[in-house]
Amino acid sequence: MPKVFIMNGPDRGQMYGIKKTLIQIGRAPENDVQVKDKSVSRVHLNIAKTGSKYFITDLDSKNGTFIDGVRIAPGREYEVKEGMPVAIGKTFFSLGKAYPDDVLEALDSVDLFKELDESDRGGPKDRPSTARNNMELIYKVSNVLMQSLTTKEILEKILHHILELLRRIDRGVIILLNRETGQIGDVISVIKTSDKDCTASYSRTVVDRVVREGKPVSMRDTLVESETNLSESIRLNKIRSVMCVPLISKARVMGVIYVDSLNRPYGFRKEDLDLLTALSSPAAATIEHSLLCA
């Protein structure tokens, strides 16, 4: 009997045990599991249970089905392990295993799906593809947050996913503050051009400002910034664009996510800053939980 656990949204925490080996999920009431989410298709997917294994088939849904952070091809059967998060529209669910409340609270804080809604109402031509890319990043990062990983592994995976989406960004750094002193503690970095375990430099001035003010900082082209906004490290490292957002948990700044682009201006758009800012909330909650459990 397939057990479906809804992980977020209005039906968060609901468990559906269906006494059938093949069930259907979608927005319409005639489905075995109805998901009242406008971004979910009326008939979205099938789930088949064979022995202890689960298999999902997307039924050519409008916004797709994401498994392990990747959109699956419609009409093909994919095996899903018990407990693996599956995303349809704005809704996450798992099969056979529920998730702890603290993980679900972190997931609920992700509020980026306005991109998806806006694409339905028209707008710039690249809006639908932007929404799909952003959704894929959200699902990948959310999947990371639900895994049993060390804090360092979580942060490295998040940075890799961010750099995959923001193709003009060269380096990513997550900096955590020492809980006792408030000074810079752990620094996790990823450099796009290197697969070695090395530490990327960053603008200490930008990081200090974000920590002090608790607000994002962005410079799309440092050559047109006023001298007062630029630090010596930005000039020496030839940083042309930079974004930095605070990691805030329980009203406390616990660190920052910092990304920059070398030599090339306009490494990101406003939508990218919004995306990074929104991702920082669930990331901070999960990091907080990881550190407390360490």
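These exercises, with worked solutions, concern a predicted model.

**Exercise 1. Find the salt bridges, and say where Asp 260 and Arg 171 sit: buried or exposed?**

Step 1. Search the whole structure. The search gives 6 salt bridges.

Step 2. Take one of them. Asp 260 and Arg 171 meet through their side chains, with N to O at 2.7 Å.

Step 3. Place the partners. Asp 260 belongs to strand 16 (residues 252–262) and Arg 171 to strand 12 (residues 171–177). They are 89 residues apart, so the pair links distant parts of the chain.

Step 4. Check accessibility. Both Asp 260 and Arg 171 are buried.

**Exercise 2. Which elements hold Arg 42 and Glu 30, and how accessible is each residue?**

Step 1. Confirm the contact. The closest N and O atoms of Arg 42 and Glu 30 are 3.6 Å apart, and the two form a salt bridge. The cut-off is 4 Å.

Step 2. Locate both residues. Arg 42 is in the loop between strand 4 (33–34) and strand 5 (45–50). Glu 30 is in the loop between strand 3 (22–26) and strand 4. The separation is 12 residues, and the pair links distant parts of the chain.

Step 3. Read the accessibilities. Arg 42 has a relative accessible area of 45% and is partly exposed. Glu 30 reaches 54% and counts as exposed, because the limit for that class is over 50%.

**Exercise 3. How many residues separate Glu 213 from Arg 209, and which helix holds them?**

Step 1. Identify the bridge. Glu 213 and Arg 209 form a salt bridge, with their closest N and O atoms 3.7 Å apart.

Step 2. Place the pair. Both residues lie in helix 5 (residues 204–213). They are 4 residues apart, about one turn of the helix.

Step 3. Apply the helix geometry. An α-helix has 3.6 residues a turn, so residues three or four places apart point the same way.

Step 4. Check accessibility. Glu 213 is partly exposed at 41%. Arg 209 is also partly exposed, at 29%.

**Exercise 4. Which strands pair with strand 16, and in what sense?**

Step 1. Start with strand 12. It is joined to strand 16 by 6 bridges, and the two run antiparallel. Gly 172 has Val 259 as its bridge partner in strand 16.

Step 2. Turn to strand 15 (residues 239–249). It pairs with strand 16 over 10 bridges, in the antiparallel sense. Here Pro 246 is partnered by Val 256 of strand 16.

Step 3. Inspect the hairpin of strand 15 and strand 16. There are 2 residues between the strands. Lys 250 takes a positive phi near 55° in this hairpin.

Step 4. Judge the burial. Of the 11 residues of strand 16, 9 are buried, so the strand is largely enclosed by the rest of the structure.

**Exercise 5. Classify the ring pair of Tyr 202 and Tyr 258.**

Step 1. Count the aromatic pairs. There is 1.

Step 2. Use the geometry. The ring centres of Tyr 202 and Tyr 258 are 6.1 Å apart and the planes stand at 65°, so the pair is edge-to-face.

Step 3. Trace the connection. Tyr 202 lies in the loop between strand 13 (184–191) and helix 5, and Tyr 258 in strand 16. The pair therefore ties together parts that are 56 residues apart in sequence.

Step 4. Check burial. Tyr 202, at 18% relative accessibility, counts as buried. Tyr 258 is buried too, at 0%.

**Exercise 6. Which strands stand at the edges of the open sheet that contains strand 4?**

Step 1. Write the order. The sheet has 5 strands, ordered 4-3-5-6-9, with mixed pairing.

Step 2. Find the edges. Strand 4 and strand 9 (77–80) each have a single partner strand, so one side of each is left without a neighbour in the sheet.

Step 3. Check one pairing. Strand 3 and strand 4 run parallel and are joined by 2 bridges. Ile 25 has Val 33 as its bridge partner in strand 4.

**Exercise 7. What is unusual about the phi of Asp 60, and where does the residue lie?**

Step 1. Recall the background. Most residues other than glycine have a negative phi.

Step 2. Read the angle. Asp 60 has a positive phi, near 55°.

Step 3. Place the residue. Asp 60 is in the loop between strand 6 (53–58) and strand 7 (65–67). Its relative accessible area is 62%, so Asp 60 is exposed.

Terms used:
Residues numbered from 1 in each chain as written. Predicted model: local features only at pLDDT ≥ 70, side-chain atom pairs only at ≥ 80, totals over all residues. Heavy atoms only, no water. Buried < 20%, exposed > 50% of the residue type's maximum accessible area, 1.4 Å probe, protein only. Phe/Tyr/Trp six-rings, centres within 6.5 Å; stacked < 30°, edge-to-face > 60°. Pairing = 2+ DSSP bridges.
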